[in-house]
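Please look over the chain shown here. The report below starts with the overall make-up, then turns to a sheet and a surface patch.

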Amino acid sequence: MSIGNSPEDERPFQDVSSEEAPTIGHVLRQARIAAGMTVDDVSTATRIRIAIVHAIEADDFTACGGDVYARGHIRTLARAVHTDPAPLIARFDASHGGRPAPTPAAPLFEAERIRPERRGPNWTAAMVAAIVAVIGFVGFTAFKGGDSDSSDQIAGGTTPTPSASPSPPTPKNDKPTTDVRPTPSDDAIAAAPQDKVTVRVSAVHGRSWISAKDHNGRLIFDDLLKKGESETFQDSSKINLVLGDAGAIDLWVNGKKLDNDFKPGAVERLTYTKGDPQAG
C-alpha cells in the first residue's frame with residue numbers, strides 16, 4: 001500500500017544552493033520522503049519524539065540535550081530511513097568541535113529503544129535434574145534393601161547364600177508434568193493452532209525495519225531485521241505489522257506462505273487475524 005506524507009512535510013523548507021553540500025537535516029528529510037515514511041512513521045520506528053525529528057530536519061540540535069545525544073539521534077534516524085549515518089556524523093562532528101570524548105552518558109541513548117525480552121524457563125535443565133533425582137533415589141533404595149537382607153542373615157547365625165547378581169534397577173520414565181513449549185519452528189508454523197494467529201517474518205531479500213503489535217496494541221517487536229534473519233509472532237486474535245522495506249520480506253501467516261507483490265523500499269502496514277490469512 002502507499003503511504004503519503006503528513007501535512008507537516010509540505011511546509012516550506014530552506015533551499016540548498018548548488019554550491020553548498022546539503023545539510024544534515026535536508027539529507028535526512030529527503031531520505032525519509034524517498035522511503036515513503038512520514039514524520040510520525042519515523043517517530044514510531046525510532047522512539048524519538050515528533051518535535052525532535054522536526055527540529056533535526058531543520059538542523060536545530062538544541063532539543064537533543066547535548067552533542068552526544070544529537071549524534072545518537074542522527075545515527076538512529078539515518079538507519080530508519082535507509083541512509084548511511086557515517087558521513088552525517090562526520091559532518092556534525094566537523095561543525096561542533098570534533099567528536100566528543102566518551103562519557104558514561106553515551107549508552108543512555110541506546111536505552112531509548114527498548115527491545116522486548118524473549119526468555120523462557122530452562123525446561124531442559126529441569127527435566128535432566130528430575131531424571132537424575134529419580135535414578136539416584138531408585139539406586140539408593142535398592143542398595144539399602146540389599147544391605148538390610150545381609151545384616152539379618154548374619155544376626156541369625158547363617159551364612160549368606162550366594163545368589164545371582166541382582167539385575168540393575170530399571171530407570172523410571174518419570175517426566176515433569178510441566179508443559180514444555182519450544183520456540184516455534186517451521187514445523188510449528190506449518191501446524192499453526194486454529195485458535196491463534198501466527199505470523200512469521202523472514203528477511204530473505206535484504207534487511208528491513210519491522211514493528212509488530214498484539215491485539216491490545218502492545219509493542220512486541222521493534223527492530224532492524226537483517227538479511228537471513230526471521231521472527232515469529234503469535235497472538236490470540238490479531239497481529240499488526242509495519243514493514244519498513246516490504247520488498248525484502250517473505251511472510252507466513254497461520255501456516256501459509258503468502259504470495260505478495262511488495263515493492264523494494266515500500267512501507268506496508270498489515271493486520272492479520274485467525275483463519276485464512278488476509279491482510280487488513
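## Overall make-up

The chain holds eight helices and eight strands. The model is predicted. Of the 280 residues in the chain, 32% are buried.

Contacts often link distant parts of the sequence. Among those with a separation of 6 or more, 63% join residues 24 or more positions apart. The exposed area of the chain is about 17,200 Å². Carbon and sulfur atoms supply 54% of that area.

## The four-stranded sheet

Four strands form an open sheet in the order E3-E2-E5-E8. Their pairing is antiparallel. Strand E3 (219–225) and strand E8 (268–273) are the edge strands, and each pairs on one side only. From one strand to the next, the twist averages 15 degrees.

Strands of a sheet pair through backbone hydrogen bonds, in either a parallel or an antiparallel sense. Here, strand E5 (residues 238–243) runs antiparallel to E8, with six bridges between them. Which residue in E8 is the bridge partner of Asn-240? The partner is Thr-271.

## A nonpolar patch

Met-127, Ile-131 and Ile-135 make a nonpolar surface patch of about 220 Å². Ile-131 lies in helix H7, which spans residues 123–155.

Why can Ile-131 count towards a patch? Its relative accessible area is 34%, so it is partly exposed. Patch residues need over 30%, so Ile-131 passes that cut-off.

Terms used:
Residues are numbered from 1 along each chain as its sequence is written. This is a predicted model: local features need pLDDT of at least 70, side-chain atom pairs count only at pLDDT 80 or more; totals for chains, interfaces and linings use all residues. Side-chain values use heavy atoms; hydrogens and water are left out. Patches are made of residues with over 30% relative accessible area and no salt bridge: like charges are joined within 9 Å, nonpolar side chains (Val, Leu, Ile, Met, Phe, Trp, Tyr) within 5 Å. Accessible areas come from the Shrake-Rupley method with a 1.4 Å probe; for residues, only the protein chains shown count as cover. A salt bridge is a side-chain nitrogen of Lys or Arg within 4 Å of a carboxyl oxygen of Asp or Glu. Helices (H or I, at least four residues) and strands (E, at least two) are DSSP runs, numbered from the N terminus. Buried means under 20% relative accessible area, exposed over 50%, partly exposed in between (1.4 Å probe, protein chains only). Two strands pair if DSSP finds at least two bridges between them. Axes are lines fitted to C-alpha atoms, for helices over the stretch in contact, and angles run from 0 to 180 degrees between N-to-C directions. Contact means heavy atoms within 4.5 Å.
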